[in-house]
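Here is a short report on one protein chain. It starts with the cysteines and then moves to the overall build and a few single residues.

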Amino acid sequence: MSDATLKLVVTDQAFGNTRHEQAAAKAAGATFAEFACRSEDETLDAVRGANAVLNNFAPMTRKVMAAMAPGAVVVRYGVGVDNVDLAAARDLGVRVCNVPDYGVDEVADHAAAMTLALARKLGRYDSGIRAGEWKIDRMVDGLRSLRDTTVSLIGLGRIARAYAARMAVFGCRITGFDPFVPEDQIRAAGITPLSRDEVIGTANILSLHVPLTPETRHLINAAAIARMPKGAILINCSRGGLVDEDALATALVSGQLSGAGLDVFEKEPLPQDSPLRKAPHVIMSPHAAFYSDASVDALQRLASEEALRGLRGEPLRCALT
């Protein structure tokens, strides 16, 4: 295959420009095309014959990847790859990689900001004042000092540890569970290791930092929420499918949970009929925790460099298949 026949495709992106991606195509002597795919059929048409595909949320199914050129590479913008059928990619000889090391500080900052706003009940003060109230006890109750707060994490990767470091500054007790991280590394990060059930059962604030897999889907369901201390707070800047959203909304209405900070949802954009839209004490953002000018540029640059390696047949930096 000559360089002139190489094809680089962006299936979808939300960054506003593709200068790094276009530069990678030019460096490889490849053609370039970008799309705004949502459905499987749209994605299949976009990637037909492609040698390198940069992908955000469009579905990378077996059918889609089978339409790509032999030995093609898929580069997922970001960390999670739950929209990519990895088993199918292995069967088809498609190389898949991600970008796991961008935006760590941004996501940790975002999760911490949500945590602090909910823990200090800033939204309730704000809405109370706007309604003409001024007496504190009529706006909030059960306001726990951060020094008396247990912040618990499920998943202890880069972002989780960065978030834990931020919350430790406020005097919080930090506990966590991750069967894939050695106990000595957990303790070295200032985190007390506990079982998953212990983490859930003792968390005043529970923050999720795991990928979405069949095993982690609805990790936080009605039963898990019932085990959490009354008035606890849930933070999810990881993957929406980790949480049973109906159960979460019910717990917020009943007061079992006093708040939730959500950057991710089972369906995105969040459906208009989602019960979370009417649930009290929820802070929501549109899958934006990673976002800053610097992090977006780094993500696109790193993903484009990986695509260029794929086009050149070189080893990938962050290969998953």
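## Cysteines and disulfides

This is a predicted model. A search of the whole structure turns up 0 disulfides. C172 is in no disulfide: the nearest cysteine sulfur belongs to C237 and is 16 Å away. C172 is also buried, at a relative accessible area of 8%.

Why does C318 form no bond with C97? The two sulfurs are 7.2 Å apart, which is too far for a bond. A disulfide needs the sulfur atoms within 2.5 Å. C97 holds the closest cysteine sulfur to that of C318. C318 counts as buried, with 13% relative accessibility.

## Fold and dimensions

The protein contains 12 helices and 12 strands. Its C-alpha trace spans about 70 × 45 × 35 Å along the principal axes. What radius of gyration would a compact globule with 321 residues have? The expected value is near 20 Å, and the protein has 22 Å, which agrees.

Contacts reach far along the chain. Take those between residues at least 6 apart in sequence: 62% of them join residues at least 24 apart.

## Surface and charge

Of the 321 residues, 51% count as buried. The protein exposes about 15,000 Å². Carbon and sulfur atoms supply 53% of that area.

How many charged side chains of each sign are there? The count is 35 positive and 38 negative. The centres of the two sets lie 3 Å apart.

## A buried serine in strand 6

S152 sits in strand 6, which covers residues 150–154. Is S152 buried or exposed? S152 is buried, because its relative accessible area is 0%, and the cut-off for buried is under 20%.

Which residues does S152 touch, leaving aside those up to four places away in sequence? The partners are T175, V199, T202, A203, I205, L206 and S207.

## An exposed lysine in helix 1

K26 belongs to helix 1, residues 19–28. K26 counts as exposed because its relative accessibility is 72%, and exposed means over 50%. S152, by contrast, is at 0%.

K26 can also be paired with P275 to gauge distance across the model. The two residues are 249 apart along the chain, and their C-alpha atoms are separated by 47 Å.

How values were computed
Residues are numbered from 1 along each chain as its sequence is written. This is a predicted model: local features need pLDDT of at least 70, side-chain atom pairs count only at pLDDT 80 or more; totals for chains, interfaces and linings use all residues. Side-chain values use heavy atoms; hydrogens and water are left out. Helices (H or I, at least four residues) and strands (E, at least two) are DSSP runs, numbered from the N terminus. The radius of gyration is taken over C-alpha atoms; the globule rule is 2.2 Å times the number of residues to the power 0.38. Buried means under 20% relative accessible area, exposed over 50%, partly exposed in between (1.4 Å probe, protein chains only). Contact means heavy atoms within 4.5 Å. Accessible areas come from the Shrake-Rupley method with a 1.4 Å probe; for residues, only the protein chains shown count as cover. Lys and Arg count as positive and Asp and Glu as negative; His and the chain ends are not counted. The place of a charge is taken as NZ of Lys, CZ of Arg, CG of Asp or CD of Glu.
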